[in-house]
Amino acid sequence: MRAEFAQSRVVGHAGDRGENREQILVDFLERHLPNRYGVTKGQIMTKSGTLSHSADVIIYDALNCPVLYRSRTAVLPVEGVYGIIEVKSRLSKSELLDAMNKIETFKRLAPRDLFLVQTRSYAAADRPSRPFGIVLAYGFADNSLESLGENYAAKCDDVHDVNFFTNLVCVLGEGLIHYQKADLIAGRRSLLLDTDEFVDLVELCQKKTRNGEEVDDVVLSIKMDSLGEDSFGRFFVYLLIMLERMKLGTPDLGVYLDPESNRMISRES
């Protein structure tokens with residue numbers, strides 16, 4: 001991928017270079033993700049008609065999510081989107097903050113409405129997983145993983161609400177930035193990539209604090225992994241982990257036409 005990116009520099013127009021940069025990642029994901037995941041560039045629409053920015057890479061439910069419009073960019077209903085990836089050539093502080101701002105804005109569009117699932121034996125209501133947001137860059141811009149980690153931490157403090165954090169930052173050939181949790185009693189550290197898990201941990205801590213209960217000995221911190229050439233492989237595995245843990249409802253386009261219409265029931269065998 002880095003070699004293909006280097007070759008794309010011969011393209012004279014900056015906009016075309018950017019599209020090539022994004023297409024390199026799209027092509028890889030289309031070849032290597034399971035077929036149930038679709039990959040495209042485009043915008044995401046809510047049932048109220050609000051459109052997101054043009055996301056560099058959108059990963060969506062290829063089995064159940066209709067593509068409302070497809071050309072050089074696509075338009076998809078937000079209910080069928082797992083998450084987005086913002087792609088940068090060189091990741092400076094300003095480029096990181098720009099990407100994190102776009103991810104925050106996208107995540108604020110994601111619905112939390114219940115959807116209905118019916119199987120042969122039962123019917124149940126569920127909530128869709130909160131979407132993810134990732135920043136991927138092909139290199140640094142006169143900075144380092146440590147300085148980007150500090151920028152990432154400051155931006156997360158500014159956003160404050162963990163619903164809208166950026167889940168993962170990856171710089172090819174350099175490393176990754178993400179949250180981790182440490183269980184002090186068990187003496188164990190583990191990944192904290194899943195938005196729902198992150199929100200549940202914080203909300204449980206806040207609830208116990210309000211009720212005067214003892215707070216679990218779990219510490220959240222930012223981890224900077226200097227992985228060199230293993231960075232992209234680790235990024236891809238982490239992406240698969242996030243996708244596997246998520247569950248989406250089937251987009252109900254009837255609600256897009258008439259918000260008062262009866263909600264569609266998703267059927268599972």
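Reader: Okay, strand 8 and strand 9: in which sense do they pair, and over how many bridges?
Author: In this predicted model, strand 8 pairs with strand 9 (residues 168-171) in the parallel sense, over 4 bridges. One example is Val135, whose bridge partner in strand 9 is Val169.

Reader: What does the chain cross through to get from strand 8 to strand 9?
Author: The chain goes through helix 4 (residues 145-159), and that β-α-β crossover is right-handed.

Reader: Which strand is joined to strand 8 by 6 bridges?
Author: That's strand 5 (residues 81-88), and these two run parallel. Lys88, for instance, has Ala137 of strand 8 as its bridge partner.

Reader: And is strand 8 mostly covered or open?
Author: Mostly covered: strand 8 spans residues 132-137, and 6 of its 6 residues are buried. Phe132, Ile134 and Leu136 point one way, while Gly133, Val135 and Ala137 point the other way, and all are buried.

Reader: Back to Lys88. Buried or exposed?
Author: Buried. The cut-off is under 20% relative accessible area, and Lys88 has 8% relative accessibility, so it counts as buried.

Reader: What is Lys88 in contact with, leaving aside its neighbours within four places in sequence?
Author: Its contacts are Arg21, Glu95, Asp98, Ala99, Leu136, Ala137 and Tyr138. Leu136 and Ala137 are residues of strand 8.

Reader: New topic, helix 4. How many residues does it have, and how far does it reach?
Author: Helix 4 has 15 residues and reaches 21 Å from its first C-alpha to its last, close to the 21 Å expected at 1.5 Å a residue.

Reader: Which residues of helix 4 are buried?
Author: Leu145, Leu148, Gly149, Asn151, Tyr152, Lys155, Cys156 and Val159.

Reader: Why do they line one face of the helix?
Author: Looking down the axis of helix 4, the buried residues fall within an arc of 165°, so they line one face. In general, an α-helix has 3.6 residues a turn, so residues three or four places apart point the same way.

Reader: What covers those buried residues?
Author: The cover includes helix 3 (93-107), strand 9, strand 10 (175-183) and strand 12 (218-226).

Reader: And which residues are exposed on the other side of helix 4?
Author: Glu150, Asp157 and Asp158 are exposed there. Following helix 4 comes His160, with a positive phi near 75°.

Reader: Last one: how many helices and strands does the chain have?
Author: It has 7 helices and 13 strands. Of its 269 residues, 45% count as buried.

Terms used: Residues numbered from 1 in each chain as written. Predicted model: local features only at pLDDT ≥ 70, side-chain atom pairs only at ≥ 80, totals over all residues. Heavy atoms only, no water. Buried < 20%, exposed > 50% of the residue type's maximum accessible area, 1.4 Å probe, protein only. Pairing = 2+ DSSP bridges. Right-handed = clockwise from strand over helix to strand, strands pointing away. Contact = heavy atoms within 4.5 Å. Expected span 1.5 Å × (residues − 1). Arc of directions from axis to C-beta.
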